[in-house]
Amino acid sequence: MARIAFIGLGNMGLPMARNLVAANHEVTGYDIVAGAVEAFAAEGGRAAETAEACLQGAEFVVTMLPEGQHVREVYSETIIPNAPGDAVLVDCSTIDVETARDVAARAGEAGFAMLDAPVSGGTGGAEAGTLTFMVGGSGDGFRRVQPLLDVMGRTVVHVGDAGTGQVAKICNNLILGISMIATCESLSMGQKLGVNIDALFSIISQSSGQSWVLTTYCPVAGPVPASPANRDYQPGFTTAMMAKDLRLAMDAAGTAGQATRLGAEASRMFDEFLEAGGGTLDFSAIYRKIEAASS
Ligand code: NAD
């Protein structure tokens with residue numbers, strides 16, 4: 001049993017922390033939203049009223065926060081000054097590579113082992129404990145934290161030094177964003193030409209157009225009952241986060257000198273959907289915008 005501080009109990013963090021509790025770890029949770037902490041306490045977690053209280057006695061500190069600015073702030077103002085000196089710090093948020101490397105360097109200067117460990121698999125993967133973890137940081141830190149990641153995930157890969165987990169994640173989400181748009185365009189076009197969604201789904205899911213977006217996260221209600229399309233696009237993974245990740249991918253592409261024409265267009269489309277008010281909806285809600293657009 002490990003003593004774990006878990007900060008950020010949102011759509012992903014809450015089910016991840018719940019799985020650690022179910023595996024008999026002692027998990028203390030904190031979130032700036034009191035209702036999130038209450039939800040965690042109702043499921044057997046320990047509630048902390050402040051981030052500082054959450055950190056007391058922790059052997060591991062796991063964070064699951066929205067963006068780089070939150071990670072930078074929480075680590076510099078709270079975790080690095082207050083966490084026990086031998087705690088291993090693990091940030092599972094999806095953030096820019098530069099912030100991940102900078103925060104890890106500051107944590108290292110203060111004597112901590114810190115890993116970036118972003119995830120793929122969505123809220124369904126978080127609930128089922130089947131996430132993919134992409135981990136950047138020292139081999140020793142990775143070995144210490146791997147048993148916890150194995151509880152929350154099915155695939156755990158040590159990618160390399162600090163920040164490389166974020167590189168892998170942004171490469172994945174570049175495909176995810178493009179793939180969502182391609183799937184929406186195809187499913188909308190097919191239905192407009194008179195083929196129903198069930199027929200389209202059963203054919204494409206067994207053909208070369210098959211993808212995770214289609215078979216696990218279908219943006220049209222019906223074929224995949226657990227997908228956000230069946231609950232009026234409640235997230236899930238918000239449009240705001242997809243737009244953020246594609247911006248991170250475009251920045252990374254600039255750093256790498258890699259042309260990404262489809263990525264640039266996907267980024268533009270999600271930014272437009274965000275500006276039109278879709279930010280808090282699941283990112284698959286872009287189907288509505290694509291379906292409404294005419295050529
Ligand atoms: P979310 O907004 O549901 O959860 C983030 C939580 O962090 C919120 O509950 C918020 O109140 C809390 N928070 C913000 N600032 C805080 C602070 N200073 N101290 C404590 N808590 C604070 O977001 P999410 O969907 O859980 O995503 C979290 C991260 O995981 C993001 O970086 C996202 O890109 C990534 N991610 C999400 C998904 C998904 O499907 N939702 C999948 C893979 C990766």
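This briefing covers the ligand site and one loop of a predicted model. Local features need pLDDT of at least 70, side-chain atom pairs count only at pLDDT 80 or more, and totals for chains, interfaces and linings use all residues. Residues are numbered from 1 along each chain as its sequence is written, and side-chain values use heavy atoms, with hydrogens and water left out.

**Shell around the ligand**
- The ligand has 25 residues around it (a heavy atom within 4 Å), and Asn11, Met12, Asp31, Pro66 and Lys244 come nearest.
- By class, 13 of the shell residues are nonpolar (Ala, Val, Leu, Ile, Met, Phe, Trp, Tyr, Cys and Pro), three are charged (Asp, Glu, Lys and Arg) and nine are polar (the others, Gly among them).
- At least two shell residues come from each of helix 4 (68–82), helix 6 (122–128) and helix 11 (239–256); helices are DSSP runs of H or I, at least four residues, numbered from the N terminus.

**Atom pairs with the ligand**
- The side chain of aspartate 31 places an N or O atom 2.6 Å from a ligand oxygen atom.
- For methionine 12, a backbone N or O atom is 2.8 Å from an oxygen atom of the ligand.
- For lysine 244, a polar side-chain atom is 2.9 Å from an oxygen atom of the ligand.
- The ligand taken alone exposes 830 Å² (Shrake-Rupley method, 1.4 Å probe), and the protein buries 88% of that.

**Loop between helix 10 (212–217) and helix 11**
- Glycine 236 lies in this loop, and the peptide bond leading to it from proline 235 is cis, with omega near 10 degrees.
- Aspartate 232, also in the loop, is not a glycine but has a positive phi of about 55 degrees.
- Tyrosine 233 belongs to the loop and has a positive phi near 65 degrees.
- Tyrosine 233 is buried (under 20% relative accessible area, 1.4 Å probe, protein chains only), at 7%.

Technical notes. Polar contact = N/O pair within 3.5 Å; in protein donor to acceptor, adjacent residues only side chain to side chain. Buried < 20%, exposed > 50% of the residue type's maximum accessible area, 1.4 Å probe, protein only.
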